[in-house]
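Colleague: Before us is a model that I should like to learn to read feature by feature. May we begin with a loop and then turn to the backbone, the helices and the ligand?

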Amino acid sequence: MRLLVLGANSDIAHALARLFARRERAELVLASRDMQRLEKRARDVSVRTGVRAEAVFFDACDFDSHEGFYAAIDPKPDGVVLAFGEFADQAAAQKDFRLAHRIIESNFTAAAGILSVIASDFEVRGHGFIVGIGSVAGLRGRQSNYIYGAAKAGLNVFLAGLRHRLFRRGVQVTTVLPGFVRTKMTENLDLPQRLVVEPEAAAEAIYRGWKKKRPVVYAPGFWRWIMLIIRFMPEAVFNRTRL
Ligand SMILES: NC(=O)c1ccc[n+]([C@@H]2O[C@H](COP(=O)([O-])OP(=O)(O)OC[C@H]3O[C@@H](n4cnc5c(N)ncnc54)[C@H](OP(=O)(O)O)[C@@H]3O)[C@@H](O)[C@H]2O)c1
């Protein structure tokens, strides 16, 4: 198996890439912006697992590069993990639309762009799988993070649409909805520690869900129950919370 990881410097993606390398013997194409970190991670995974891991530059927000980037990947991958994304403080993004725009571009527009290119290739080949990392934040708009949440909601719907489109071609599309994971993205956030898991635990849940061909995977699984309550809470109650 050959696996392309987009945003491979993500801590969750790195843990997941290691699992695919170890359990599927997947040869890795790791794509991200920070090449120094990426090359270190490629070496790390190669040394630990004995599989080939190559590092390639990819800036998801350079939309014009998407076609050329994918065309240069040879041979083509059997699967793709889409992990890139940016988080920003909601209050700051509310005041500065440039920041809000960046969040929407990196979490939604960029993902829609590169996945459109890849989906067309998988559709023609009748082969491939896509694992897209969204967020539980995309399941209900909340005052504390609705800009990031709206971008992730867009990604959730986009992935659901791809799953529908590609079903008949045998292409599996998995939507991943992580809760709180201890990574670079969350290191400065004040989170309820009992609900925070390590990237390895999130990666294990993602890998297992993918293996069982689940369309939607909560990472970790207990977020399904938390989000069931949050999603179906009546507006009259919800609007009085500080979530
Ligand atoms: N951590 C959580 O609690 C949590 C919860 C829900 C959802 N998620 C989602 O899970 C995914 C992985 O998150 P993480 O926590 O592992 O994040 P992370 O460690 O902060 O990594 C995110 C990575 O995204 C890459 N990236 C950002 N913009 C990019 C761009 N324009 N082009 C290419 N790469 C780009 C960065 O790569 P470079 O370093 O190369 O710039 C960065 O290393 C994200 O989509 C995030 O939104 C995370």
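**Reading the model**

Modeller: Gly170 is found in the loop between α6 (146–166) and β6 (172–178). Helices (H or I, at least four residues) and strands (E, at least two) are DSSP runs, numbered from the N terminus. Residues are numbered from 1 along each chain as its sequence is written. This is a predicted model: local features need pLDDT of at least 70, side-chain atom pairs count only at pLDDT 80 or more, and totals for chains, interfaces and linings use all residues.

Colleague: Is Gly170 buried, exposed or partly exposed?

Modeller: A residue is buried if 20 or more other C-beta atoms, placed from the backbone, lie within 10 Å of its own, exposed if 12 or fewer, and partly exposed in between. Gly170 has 13 other C-beta atoms within 10 Å and is therefore partly exposed. Of the 243 residues of the protein, 41% count as buried.

Colleague: What should one look for in the backbone?

Modeller: Most residues other than glycine have a negative phi, and most peptide bonds are trans. Here Arg25, not a glycine, has a positive phi of about 55°. Arg25 sits in the loop between α1 and β2 (27–32) and is exposed, with 11 other C-beta atoms within 10 Å. Lys213 also has a positive phi, near 60°, and lies in the loop between α7 (199–211) and β7.

Colleague: Which residues does a cis peptide bond join?

Modeller: One such bond joins Asp74 and Pro75, with omega about -5°. Another joins Ala219 and Pro220, with omega about -5°. Pro75 is in the loop between α3 (66–71) and β4 (79–82), and Pro220 in the loop between β7 (216–219) and α8 (223–232).

Colleague: How does one describe a helix pair?

Modeller: Two packed helices are described by the angle between their axes and the distance between the axes. Axes are lines fitted to C-alpha atoms, for helices over the stretch in contact, and angles run from 0 to 180 degrees between N-to-C directions. The axes of α1 (residues 11–24) and α2 (residues 35–49) come within 10 Å and cross at roughly 30°.

Colleague: Which residues around the ligand come nearest?

Modeller: A residue is near a molecule if its C-beta atom, placed from the backbone, lies within 6 Å of it. Of the 28 residues around the ligand, Ser10, Ser32, Gly85, Thr183 and Met185 come nearest. Both α1 and α5 (97–125) supply at least two residues of this shell.
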